[in-house]
Amino acid sequence: MRSFSPRLAARALWQMRVRKRPYVLSHGVNARCNLKCSFCQYWKNPGEEMSQEDIFRMLDEASSFGIGVYNAWTVEPLLREDLPQILKYAKSRGLITGLVTNGLLLAKRAEELGDLDYLSVSVDGIKSYQQLRGIELENTLAGIRAAKKAGHEILINCVISSKNTGELEDLVHLAEDLGTWISFEPLHESAGITDSVWRDLGIRDRSAHEKAVHRLMELKRAGAPIINSLTYLEMISTLKPKFNCHASDIILHVASDGSLENCRVHSQPLANVKDGLEEAWQASKQDREEIVRSCPGCLFFGYVENSLLYEFVPEVLRHYEWM
């Protein structure tokens, strides 16, 4: 595990709190997927993708703007053939690189990802995995093993739903067996998905959910490779956001076509980085502030933990372990 770096935290906090600029660039590097998960809307309307030239220009501007992390995600980044070149260029500009993938292409492409710092693979269940993702779990596990063999340190991320509540502890033990880390976050019932999907997958048995998450807290205290803070786990056990969200200030969200968005929840285009990254950031400021004021909050792992870091929560400052 990469140990907590006070220097890195200081750099992030300087960028976010003093310069009032985002530290993470979260980029939808492509618009296609090789899965069709019922709870995901990103694959349904694939749109335009930025050219490599436009992405390189954005990375140049991101580096100059003080951004320290480039995270490539959604829909399925490994479908983009030039992803290794994009990661290499981001590294050359001094950015920490991250990737979020479903893992299906890892066995084929793991050796190409030498410029990747953080690799996150979605694994939402064991017995429930095929129902949730539409494929056999072994396909993804083969990719994880290939990535481990290639030298990557891996985080597996589980989205908690009604289908996998009883498997959370088993997933922790799977991570231990694989030699990976694991994180959890509750399913977010986003717009654009039918009510029947949420009736099937939504967390409705609050008692079972709370018991399962409290067990995760016990496992973490006992040394299990769970990266979520106890502060966050306690929050998701009740499914109540109890933090001040700073996501729109600390994470710059860019969609596959270059649109700047507020966050994953509020994904309407506010500006476009093709017109200049700093210009798009400044032009969207008023809209982002208004969106935050009217938002009831969410429990996305990255938003909560980064916001807790922003507010100097002691536990998160001491144990912040993954971007």
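Tutor: Before we start, one cut-off: a residue is called buried when its relative accessible area is under 20%. Keep in mind too that this is a predicted model.

Student: Got it. Is strand 1 enclosed or open, and why?

Tutor: Strand 1 is largely enclosed by the rest of the structure, because five of its five residues are buried.

Student: Which residues sit on which side of strand 1?

Tutor: V24, S26 and G28 are on one side, with L25 and H27 on the other, and both of those faces are covered. In a regular strand, side chains alternate between the two faces of the sheet.

Student: OK, what does strand 1 pair with, starting with strand 2?

Tutor: Strand 2, residues 69-73, pairs with strand 1 in the parallel sense over five bridges. One spot to look at is G28, whose bridge partner in strand 2 is W73.

Student: And how does strand 7 run relative to strand 1?

Tutor: Strand 1 and strand 7 run parallel and are joined by four bridges. There, S26 stands opposite H253 of strand 7.

Student: Are the faces of strand 7 covered or uncovered?

Tutor: Both are covered: I251 and H253 are buried on one side, and L252 and V254 are buried on the other.

Student: H253 came up twice. What's its bridge partner in strand 8?

Tutor: That would be E261. Strand 7 and strand 8 run antiparallel, with two bridges between them. They make a hairpin with four residues in between, and G258 in the turn has a positive phi of about 95°.

Student: Switching topic: which residues have the most contacts inside the largest nonpolar core?

Tutor: That core has 102 residues, and the ones with the most contacts inside it are L25, M58, L59, Y70, V123, F184 and I226.

Student: L25 again, from strand 1! What is it in contact with, leaving aside neighbours within four places in sequence?

Tutor: L25 is in contact with M58, L59, A62, I67, V69, Y70, N71, L252 and V254. Two of those names, L252 and V254, you've just met on one side of strand 7.

Student: Last one, pockets. What's the volume of the second largest?

Tutor: The second largest pocket has a volume of about 520 Å³. It is lined by 26 residues, and Y42, N45, A255, S256 and E261 are the closest to its centre.

Student: Which elements give two or more residues to that lining?

Tutor: Familiar ones: strand 1 (24-28), strand 7 (251-254) and strand 8 (259-261).

Student: How many of the lining residues are nonpolar, polar and charged?

Tutor: The lining of the second largest pocket divides into nine nonpolar, 12 polar and five charged residues.

Key:
Residues numbered from 1 in each chain as written. Predicted model: local features only at pLDDT ≥ 70, side-chain atom pairs only at ≥ 80, totals over all residues. Heavy atoms only, no water. Core = buried A, V, L, I, M, F, W, Y, C linked by side-chain atoms within 4.5 Å. Buried < 20%, exposed > 50% of the residue type's maximum accessible area, 1.4 Å probe, protein only. Contact = heavy atoms within 4.5 Å. 1 Å grid on protein atoms, 1.4 Å probe; cavity = no way out; pocket = protein on both sides within 12 Å on 5 of 7 lines; lining within 4 Å. Points joined across faces, edges and corners; volume = space filled by probe spheres on them. Nonpolar A, V, L, I, M, F, W, Y, C, P; charged D, E, K, R; others polar. Pairing = 2+ DSSP bridges.
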